[in-house]
Amino acid sequence: MTVAPSLSLLAEVHRWLNQLFLDHQLALLSLDLPAASACLERYESNLKLHIDDEESALIPLYDARTDNVPGGAVELFTGEHTKLTGFIGEFHQTLLAITGKSDRDLRLDIIKLFDREAICKGLVEHHHAREHNILFPWLDKITSENERTDLLANCASLRAWREAK
Ligand SMILES: [Fe+2]
Ligand SMILES: [Fe+2]
């Protein structure tokens, strides 16, 4: 049983991040590269806030208080973060490279970009599932109510989500 307050509240941040990425893809669909770039930057800055919340506070606490959780090695969480930020860097580069292309070439390049982004979205889905199924339930289990309140209060990505609502 999950006791409130629960780290599973961070699933709301995950849903919000997915929406921000979709805003970027909608702009791409309209061939609006400046808007696609701006939306990607917004996604990236909030993703980085969220990764920092996890890597500076949540994952170290989880690491200190758990042992050999199946599918829950710290390197899996952090390795996925590295892959995700790498993908975002690649997408920024692609947007720069296709700026100024003509209509047909631009559309073909955007199709290729969507293909790469589909791989990234698959990774995000997998990563979120790992956190929803392992990281957050374990954190709920190994912390006191006061600790959970403090952990959530210190999550910058949660504050950003609340401010954006
Ligand atoms: Fe994460
Ligand atoms: Fe997360």
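This briefing walks through the fold, the two iron sites, the internal cavity and the aromatic pairs of the structure above. Please keep in mind that this is a predicted model. The protein has 6 helices and 0 strands, and its centre of interest here is a pair of iron ions that lie 3.2 Å apart and are both coordinated by glutamate 54.

**Overall fold**

- Reading along the sequence gives the pattern α-α-α-α-α-α, with no strands to look for, as the strand count is 0.
- The C-alpha trace spans about 60 × 35 × 25 Å along its principal axes.
- Of the 165 residues in the protein, 43% are buried.

**Iron ion (ligand 2)**

- Four residues coordinate the iron ion (ligand 2): His14 and His50 through NE2, and Glu54 and Glu131 through OE, at 2.0 to 2.1 Å.
- If you like to read sites from the sequence, the donors of the iron ion (ligand 2) follow the spacing H-x35-H-x3-E-x76-E.
- The angles among the 4 donor atoms of the iron ion (ligand 2) run from 82 to 171°, and the site is irregular.
- Histidine 14 sits in helix α1 (residues 10–29) and glutamate 131 in helix α4 (residues 103–142), so this pair ties together parts that are 117 residues apart in sequence.
- Histidine 14 and glutamate 131 are both buried.

**Iron ion (ligand 1)**

- The protein donors of the iron ion (ligand 1) are Glu54 (OE), His81 (NE2), His127 (NE2) and Glu131 (OE), and they lie 2.0 to 2.2 Å from the ion.
- Along the chain, the donors of the iron ion (ligand 1) have the spacing E-x26-H-x45-H-x3-E.
- The arrangement around the iron ion (ligand 1) is irregular because its 4 donor atoms subtend angles of 81 to 168°.
- The iron ion (ligand 1) is 3.2 Å from the iron ion (ligand 2), with glutamate 54 coordinating both.
- Glutamate 54 in helix α2 and histidine 81 in helix α3 are 27 residues apart, and the pair links distant parts of the chain.
- Glutamate 54 has a relative accessible area of 0% and is therefore buried.
- Histidine 81 is also buried, as its relative accessible area is 3%.

**The cavity**

- The structure holds 1 cavity of 30 Å³ or more.
- The largest cavity has a volume of about 40 Å³.
- Its lining is made of His14, Leu47, His50, Ile51, Glu54, His81, Leu84, His127, His128 and Glu131.
- Helices α2 (33–65), α3 (74–98) and α4 each give two or more residues to this lining.
- Helix α2 provides the largest share, 4 residues.
- By type, the lining residues divide into 3 nonpolar, 5 polar and 2 charged.
- It is worth viewing the cavity and the metal sites together: the lining includes His14, His50, Glu54 and Glu131, which coordinate the iron ion (ligand 2).
- The lining also includes His81 and His127, which are among the donors of the iron ion (ligand 1).

**Aromatic pairs**

- The count comes to 4 aromatic pairs.
- Phenylalanine 21 and phenylalanine 91 form a tilted pair, 6.3 Å centre to centre with 50° between the planes.
- That pair links distant parts of the chain, with phenylalanine 21 in helix α1 and phenylalanine 91 in helix α3, 70 residues apart.
- Both phenylalanine 21 and phenylalanine 91 are buried.
- Tyrosine 62 and phenylalanine 77 form an edge-to-face pair, at 5.8 Å centre to centre and 90° between the planes.
- Tyrosine 62 belongs to helix α2 and phenylalanine 77 to helix α3, so their pair ties together parts that are 15 residues apart in sequence.
- Tyrosine 62 and phenylalanine 77 are both buried.
- Ring pairs also link Phe21, Tyr43, Phe87 and Phe91 into a cluster.

**A loop residue: serine 144**

- Serine 144 is placed in the loop between α4 and α5 (145–153).
- Serine 144 counts as partly exposed because its relative accessibility is 34%.
- The C-alpha atoms of serine 144 and proline 5 are separated by 9.6 Å, although the two residues are 139 residues apart along the chain.

Definitions and conventions
Residues are numbered from 1 along each chain as its sequence is written. Chains are lettered from A and ligands numbered from 1 in the order in which they are written. This is a predicted model: local features need pLDDT of at least 70, side-chain atom pairs count only at pLDDT 80 or more; totals for chains, interfaces and linings use all residues. Side-chain values use heavy atoms; hydrogens and water are left out. Donors are N, O and S atoms within 2.8 Å of the metal (3.2 Å for Na, K and Ca); water is not among the atoms, so sites may look incomplete. Four donors count as tetrahedral if all angles lie between 85 and 135 degrees; four count as square planar and six as octahedral if opposite donors are over 155 degrees apart and all others between 65 and 115; anything else is irregular. Buried means under 20% relative accessible area, exposed over 50%, partly exposed in between (1.4 Å probe, protein chains only). On a 1 Å grid over the protein atoms alone, a cavity is a set of points where a 1.4 Å probe fits but cannot get out, and a pocket is an open set with protein on both sides within 12 Å along at least five of seven lines; lining residues have an atom within 4 Å of a point. Grid points are joined across faces, edges and corners, and a volume is the space filled by probe spheres set on the points. Ala, Val, Leu, Ile, Met, Phe, Trp, Tyr, Cys and Pro count as nonpolar, Asp, Glu, Lys and Arg as charged, and the others, Gly among them, as polar. Rings of Phe, Tyr and Trp (its six-membered ring) pair if their centres lie within 6.5 Å; planes under 30 degrees apart count as stacked, over 60 as edge-to-face and the rest as tilted.
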